[in-house]
Amino acid sequence: MAWIKTLREDGWDEDLATVYGMVVDGEYERVDNILQIHSLDPRAMEAHQLLYASSMSGTHSLRKVERELIALVVSTINECDY
């Protein structure tokens, strides 16, 4: 759980509701904690999601699984749980 105040999906206002479709995990029908942190700033949430989507699909030289593994290694080196 984040130490930063967040709003859960059931408390989202109209601004957050507009980005819900972009950030909801379709399989689990929830928003990941890393995105929930941006719930007080919908524009930041949208920007975070767009950056992630771009980095995960921005090159044809690496498969998505390879990009995910790179992200995992970088997070591990940085001691980041996400």
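In this predicted model, the side chains of Glu66 and Arg63 pair up in a salt bridge, with an N to O distance of 3.7 Å. The two partners sit a little differently with respect to solvent. Arg63 is exposed, at a relative accessible area of 55%, whereas Glu66 is partly exposed, at 27%. A second bridge joins the side chains of Asp32 and Arg30, this time at 2.9 Å from N to O. Here both ends fall into the middle class: Asp32 is partly exposed with a relative accessible area of 29%, and Arg30 is partly exposed as well, at 37%. The count of salt bridges under the rule used comes to two.

As for charge on the whole chain, there are 7 positive and 15 negative charges, and the mean positions of these two sets lie 4 Å apart.

Stepping back to the overall fold, the protein chain contains four helices and two strands. Going along the sequence, these elements come in the order α-β-β-α-α-α. The C-alpha trace spans about 40 × 25 × 25 Å along its principal axes. Of the 82 residues, 17% are buried. Counting contacts with a separation of 6 or more, 41% are between residues 24 or more positions apart. The chain exposes about 6,400 Å² in total, and carbon and sulfur atoms supply 56% of that area.

Some of that surface is nonpolar in a contiguous way. Leu62, Ile70 and Val74 together make a nonpolar surface patch of about 230 Å². Val74 belongs to helix H4. Its relative accessible area is 43%, so Val74 counts as partly exposed, and this value also clears the cut-off of over 30% that patch members have to meet.

Turning to the interior, Met45 is a handy place to start. Met45 is part of helix H3, which covers residues 42-57, and its relative accessibility is 0%, so it counts as buried. Beyond its neighbours up to four places away in sequence, Met45 touches Trp12, Leu16, Val19, Val23, Leu35, His38 and Ser39. One of these partners, Leu35, is 10 residues from Met45 along the chain, and the C-alpha atoms of the two are separated by 6.2 Å.

Leu16, another of the residues touched by Met45, lies in helix H1, residues 14-23. With a relative accessibility of 1%, Leu16 counts as buried. Setting aside neighbours within four places in sequence, Leu16 makes contact with Leu7, Ser39, Pro42 and Met45. Ser39 therefore turns up in the contact lists of both Leu16 and Met45, where contact means heavy atoms within 4.5 Å. A spacing of 10 residues looks quite unlike the Met45 and Leu35 case when it is taken from Leu16 to Gly26: here the C-alpha atoms are 17 Å apart, against 6.2 Å for Met45 and Leu35.

A third buried residue is polar by name. Gln36 is found in helix H2, residues 33-36, and it counts as buried because its relative accessibility is just 1%, under the 20% cut-off. Leaving out residues up to four places away in sequence, Gln36 touches Thr6, Leu7, Arg8, Glu9, Trp12 and Val31. Two of these names have already come up: Leu7 is also in contact with Leu16, and Trp12 is also touched by Met45.

The backbone has a couple of spots worth a look. Most residues other than glycine have a negative phi. Glu29 goes the other way, with a positive phi near 55 degrees. This residue sits in the loop between strand S1 (24-25) and strand S2 (30-31), and it counts as exposed, at 64% relative accessibility. Glu79 likewise has a positive phi, near 55 degrees. Its place is the segment after helix H4 (64-77), and Glu79 is exposed, with a relative accessible area of 74%.

Terms used
Residues are numbered from 1 along each chain as its sequence is written. This is a predicted model: local features need pLDDT of at least 70, side-chain atom pairs count only at pLDDT 80 or more; totals for chains, interfaces and linings use all residues. Side-chain values use heavy atoms; hydrogens and water are left out. Buried means under 20% relative accessible area, exposed over 50%, partly exposed in between (1.4 Å probe, protein chains only). A salt bridge is a side-chain nitrogen of Lys or Arg within 4 Å of a carboxyl oxygen of Asp or Glu. Accessible areas come from the Shrake-Rupley method with a 1.4 Å probe; for residues, only the protein chains shown count as cover. Lys and Arg count as positive and Asp and Glu as negative; His and the chain ends are not counted. The place of a charge is taken as NZ of Lys, CZ of Arg, CG of Asp or CD of Glu. Patches are made of residues with over 30% relative accessible area and no salt bridge: like charges are joined within 9 Å, nonpolar side chains (Val, Leu, Ile, Met, Phe, Trp, Tyr) within 5 Å.
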